[in-house]
Amino acid sequence: MRIESDIKLGFKDVLFRPKRSTLRSRSQVELSRTFRFMHSGREWTGVPIIAANMDTVGTFEKARALAEHKMITAIHKHYSEAQWDEFLENADEDLYHRIMISTGTSDNDFDKLCNLLERHPQLYFICIDVANGYSEHFVSFVTKVRACFPDKVIIAGNVVTGEMVEELLLGGADVVKVGIGPGSVCTTRVKTGVGYPQLSAIIECADAAHGLSGQIIGDGGCTCAGDVAKGFGGGADFMMLGGMLAGHDESGGEVVQEGSETFKRFYGMSSSTAMDKHSGGVAGYRASEGKTVKVPYRGPVTNTVQDILGGVRSTCTYVGAAKLKELTKRTTFIRVQEQENRIFGAD
């Protein structure tokens with residue numbers, strides 16, 4: 001047993017220190033970025049914010065809506081092949097660049113992935129997604145997928161430490177997904193005692209990835225636009241959002257009416273709700289590591305997107321970053337014990 005005593009930080013532990021800026025308006029800030037991926041060698045340009053591959057978030061409807069803003073949707077893995085075929089029947093080239101096909105690591109998952117990519121070779125991103133990215137089997141699966149699809153951009157996760165980021169990148173991933181336990185409907189930290197404060201995970205993993213010309217996705221922990229900006233400031237190349245993009249017209253989840261108020265259900269993909277729906281219940285050897293909540297109905301996702309992108313643009317103007325790419329270079333975080341005055345509650 002050993003103890004690491006250096007301080008690890010979450011989003012709530014810091015604020016940006018403002019700096020002099022020549023920008024006159026947030027409209028001058030460029031949020032689009034261009035990346036070249038280390039293994040596939042392909043380039044991608046867009047706004048590097050991703051809807052999480054949860055069945056209450058990463059839907060086909062969400063993908064169409066976010067593609068209009070040049071954002072990405074990681075489509076959840078529970079759509080059938082027939083549903084994928086229907087969705088992509090009249091897809092244009094841009095939409096193919098705004099969606100990730102998600103997969104687990106079972107033989108059935110791999111067969112489904114191969115079938116879909118054979119029929120739809122224009123698909124650009126593969127997201128290999130497991131809760132625990134530290135297993136040898138996972139690394140081997142990433143290497144297997146890379147060997148089969150050398151021209152695809154492969155995302156792998158989740159992990160929270162630099163050495164595992166390096167192993168996954170060297171094993172064939174282009175991008176590594178970072179985050180264990182920070183999500184709003186994730187209970188991994190409570191059930192297992194395992195985790196890592198998300199901002200420190202992003203900072204440390206970004207450093208490891210960029211040294212190898214790879215990228216990372218900060219996955220989870222964001223409660224507001226300021227947290228998204230903090231993730232980018234900490235070095236994340238992409239930010240993945242779940243709860244912030246739940247509850248919309250384009251989101252999955254059952255609609256719940258309580259009096260005059262309307263809600264939509266939102267749950268973690270390791271929750272008993274998800275496993276009952278997709279896996280026939282919680283297996284006898286494991287525990288549920290997610291919860292089910294009701295989030296207020298939020299209408300079209302476009303309104304939320306505008307709020308998030310507007311917040312990130314404003315962050316850039318406060319620190320003098322004309323482009324999102326410059327934000328991490330202009331970032332100085334200050335540690336704090338308070339974030340906001342909440343005497344009148346939430347907006």
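**Close-up 1. Asp 207 on helix α8 and the negative surface patch.** In this predicted model, Asp 207 is a residue of helix α8, which spans residues 198-210. With a relative accessible area of 60%, Asp 207 is exposed, because the cut-off for that class is over 50%. Asp 207 joins Glu 136, Glu 163, Glu 166 and Glu 167 in forming a negative patch on the surface. Helix α6, covering residues 162-171, supplies the largest share of this patch, namely 3 residues.

**Close-up 2. The salt bridge between Asp 174 and Arg 146.** The side chains of Asp 174 and Arg 146 come together in a salt bridge, with an N to O distance of 2.5 Å. Distant parts of the chain are linked by this pair, since Asp 174 sits in the loop between α6 and β9 (175-178) while Arg 146 belongs to helix α5 (residues 136-148), 28 residues apart. Asp 174 is buried, its relative accessible area being 0%, and Arg 146 also counts as buried, at 11% relative accessibility.

**Close-up 3. The salt bridge between Asp 219 and Lys 177.** Between Asp 219 and Lys 177 there is a salt bridge in which the closest N and O atoms are 3.0 Å apart. Asp 219 is located in strand β10 (residues 215-219) and Lys 177 in strand β9, so the pair ties together parts of the chain that are 42 residues apart in sequence. Both Asp 219 and Lys 177 are buried.

**Close-up 4. Charged residues Arg 2 and Glu 4, with the network around Lys 8.** Arg 2 and Glu 4 form a salt bridge, and their closest N and O atoms lie 3.3 Å apart. Arg 2 counts as exposed at 67% relative accessibility, whereas Glu 4, at 49%, counts as partly exposed because its value is not over 50%. A network of salt bridges links Asp 6, Lys 8 and Glu 204. For the model, the count of salt bridges comes to 15.

**Close-up 5. The surroundings of Thr 315 in helix α11.** Thr 315 is part of helix α11, which runs over residues 301-319. Its relative accessibility of 12% places Thr 315 among the buried residues, because that class is set at under 20%. Leaving aside residues up to four places away in sequence, Thr 315 touches Phe 16, Ala 229 and Leu 327. The C-alpha atoms of Thr 315 and Val 228 are separated by 10.0 Å, although the two residues are 87 residues apart along the chain.

Note on methods: Residues numbered from 1 in each chain as written. Predicted model: local features only at pLDDT ≥ 70, side-chain atom pairs only at ≥ 80, totals over all residues. Heavy atoms only, no water. Patch = residues over 30% accessible without salt bridge, like charges linked within 9 Å, V, L, I, M, F, W, Y side chains within 5 Å. Areas by Shrake-Rupley, 256 points an atom, 1.4 Å probe, with all protein chains shown as cover. Salt bridge = Lys/Arg side-chain N within 4 Å of Asp/Glu carboxyl O. Lys, Arg positive; Asp, Glu negative; His and termini not counted. Charge placed at Lys NZ, Arg CZ, Asp CG, Glu CD. Helix = DSSP H or I, 4+ residues; strand = E, 2+ residues; numbered from the N terminus. Buried < 20%, exposed > 50% of the residue type's maximum accessible area, 1.4 Å probe, protein only. Contact = heavy atoms within 4.5 Å.
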